[in-house]
2 protein chains.
Amino acid sequence: MEHSYDPWFETSVDLLSDPQNQRVWSIIISLFGDMAQQPNDQISGSALTRIITPMGIKPEAIRVALHRLRKDGWIESARSGRASIHYLTQYGRDQCSAVTPRIYAREPAAPQGWHVLIATDTCGQSALDQALMLPGYIAVNRTTALGCGPRPGNTDDLLALDATNFSLPSWFKAQLFPTEISKSCAALLNVLNRIPPPGPELNSAQIASLRTLIVHRWRRVVLRHPDLPASFYPAAWPGDACRHKVFSLLDHLPRPNLAELGETVEA
Amino acid sequence: MEHSYDPWFETSVDLLSDPQNQRVWSIIISLFGDMAQQPNDQISGSALTRIITPMGIKPEAIRVALHRLRKDGWIESARSGRASIHYLTQYGRDQCSAVTPRIYAREPAAPQGWHVLIATDTCGQSALDQALMLPGYIAVNRTTALGCGPRPGNTDDLLALDATNFSLPSWFKAQLFPTEISKSCAALLNVLNRIPPPGPELNSAQIASLRTLIVHRWRRVVLRHPDLPASFYPAAWPGDACRHKVFSLLDHLPRPNLAELGETVEA
């Protein structure tokens, strides 16, 4: 299949590329997380090049990023004749699978119940800090954490209680959904709205490029705010509209077959 | 009736008098609060003298205290021939009636439900400070208040929530029931345990002296910690035992008839 110039594809890639957040190693993780997260999945060096270079990233930058990812234990590489293949390490798969449910959730999680942990300036601070390192905890202020589900039993040094019937002040909503993330999200939504539904003429590498860019941009929005019910949103939070648009586009860009992608020879 | 020397009475008064907390104006308030809190109640100067001087307080100190209480708007005095009479002002009655339910509660109040108000260092602090001035609110730390009952509707600037299923750390219990108050309470309990049940030989003024001292000592314990269910007590909190003993003694010292007390002429 020839990699022909496709103005629609070029335009979409240009819109989705975010020059300020174009960290190549991070884009490669988005790609592996989206398409090669299972233990036996692998992506050939040539496929990687065909997926990533259309984003305006040079092959040399891909090599540097792969080197860093190998050094940090995310990725391993192997040679098969003249071809190279790359795959996630167990560590890399664990990192990806820890966030995959949140990135790909079509409905934001609605936690069943909440609890609150309270310390003082002098008591319980280390217990609170430990709790805040766990998933499902949100810092309210220096001495208070909001946690998903009923309170755990092992909170000896903290005032712990189950919480219901919230009244949420605007400062807390703004703290959960900072203006900066709201702007990133609105910018992504704006970009996504300008991309018409993809047609059938896209090849596998092009689909992979677009999926990678969409997931990459969305990942950087969705993982930077906690999963909370709509009652926690500040006014005009664009997250739900953005999420809807992300999955509407991804549904039109079904994951390409990796084997097919690896075998396709560049013209 | 002659004011005879009664070793049992003298011993009880000595035990109950607390030289460190013997503020005369405060003892007078305890007396009025216990025996003359209704609009038409009054206590004659001579009755006041006969009730208070056995505590080792000089008539001159009583005059000084009454002067201060008049100046502060708690008490008014009038003359009737050579006799003086004293009574609480409306302000004084309001101050007394605000705390009477807590002082005379035979069972500590068990609030039905709780809510929590949370500020940050920069937001909601003035709303929190206002809440903490209301009855039924307890400070947890600089940014958190625990309130009785369900959360109010007007908490715009605070994170507010209904709270159940508490786990209470020892620092919070110690904060609610400080060691100093625990010691005062244990000391009072110790004193009360050393007083045998009063006999029928006490005259009205003696009963009034003992009631005043018991109520005064108890008031200074019970009003210095919040009314909370037993689950909030620190280990070995002597409050319930002390409360039980206070009311057991007061039941043996029924309130004297004020008219009778006023007419009794000192020998």
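This is a short walk through a model with chains A and B, from the domains to the shared sheet and a few single residues.

Good morning. One caution before we start: this is a predicted model.

Let's begin with chain A on its own. The domain assignment splits chain A into two domains. Domain 1 takes residues 7–107 + 176–263. Domain 2 takes residues 114–163. How far apart are the C-alpha centres of domain 1 and domain 2 of chain A? They lie 34 Å apart.

Now a helix pair in chain A. Look at helix α3, residues 45–52, and helix α9, residues 204–222. Their axes come within 8 Å. They cross at roughly 65°. The crossing of α3(A) past α9(A) is right-handed. Which residues make the contact? From α3(A), we have A:Ala47, A:Arg50 and A:Ile51. From α9(A), we have A:Ala205, A:Ala208, A:Ser209 and A:Thr212. By class, that contact of α3(A) with α9(A) has four nonpolar residues, two polar and one charged.

Next, the place where the chains touch. Here 29 residues of chain A are in contact with 29 residues of chain B. Four elements of chain A each give two or more residues to that side: β4 (114–118), β5 (137–141), β7 (159–167) and α7 (170–176). Which element gives the largest share? That is β7(A), with nine residues. As for classes, the chain A side divides into 14 nonpolar, nine polar and six charged residues.

Stay with β7. Strand β7(A) pairs with β7 of chain B, residues 159–167. The sense is antiparallel, over five bridges. Find A:Ala163 on your screen. Opposite this residue, in β7(B), stands B:Ala163.

Zoom out from that pair to the sheet. Eight strands form an open sheet, and the pairing is antiparallel. Read the order with me: β5(A)-β6(A)-β4(A)-β7(A)-β7(B)-β4(B)-β6(B)-β5(B). The edge strands are β5 of chain A and β5 (137–141) of chain B. Each of those pairs on one side only. From one strand to the next, the twist averages 35°.

Inside the chain A part, take β4(A) and β6(A), residues 144–148. These two run antiparallel and are joined by five bridges. Which residue of β6(A) is the bridge partner of A:Trp114? The partner is A:Cys148.

Helices lie across these strands too. In chain A, helix α6, residues 125–132, lies across β4, β5 and β6. This helix runs at about 40° to β6(A). Chain B has its own helix α6, residues 125–133, lying across β4 (114–118), β5 and β6 (144–148) of chain B. Its angle to β6(B) is also about 40°.

Last stop: two residues in chain B. B:Asn165 sits in strand β7 of chain B. Its phi is near 55°, a positive value in a residue other than glycine. Is B:Asn165 buried or exposed? Exposed, because only 12 or fewer neighbours are needed for that label, and B:Asn165 has 11 C-beta neighbours inside 10 Å.

Then B:Ala236. Where is B:Ala236 found? In the loop between α9 (204–222) and α10 (239–251) of chain B. Its phi is near 65°, again positive in a residue other than glycine. B:Ala236 counts as exposed because it has 7 other C-beta atoms within 10 Å.

That's the tour. Thank you.

Notes
Residues numbered from 1 in each chain as written. Chains lettered and ligands numbered in written order. Predicted model: local features only at pLDDT ≥ 70, side-chain atom pairs only at ≥ 80, totals over all residues. Axes fitted to C-alpha atoms, helices over the stretch in contact; angles between N-to-C directions. Left-handed = near helix turned anticlockwise from the far one by under 90°. Contact = placed C-beta atoms within 7 Å. Nonpolar A, V, L, I, M, F, W, Y, C, P; charged D, E, K, R; others polar. Domains from an automatic or database assignment. Pairing = 2+ DSSP bridges. Buried ≥ 20, exposed ≤ 12 C-beta atoms within 10 Å, placed from the backbone.
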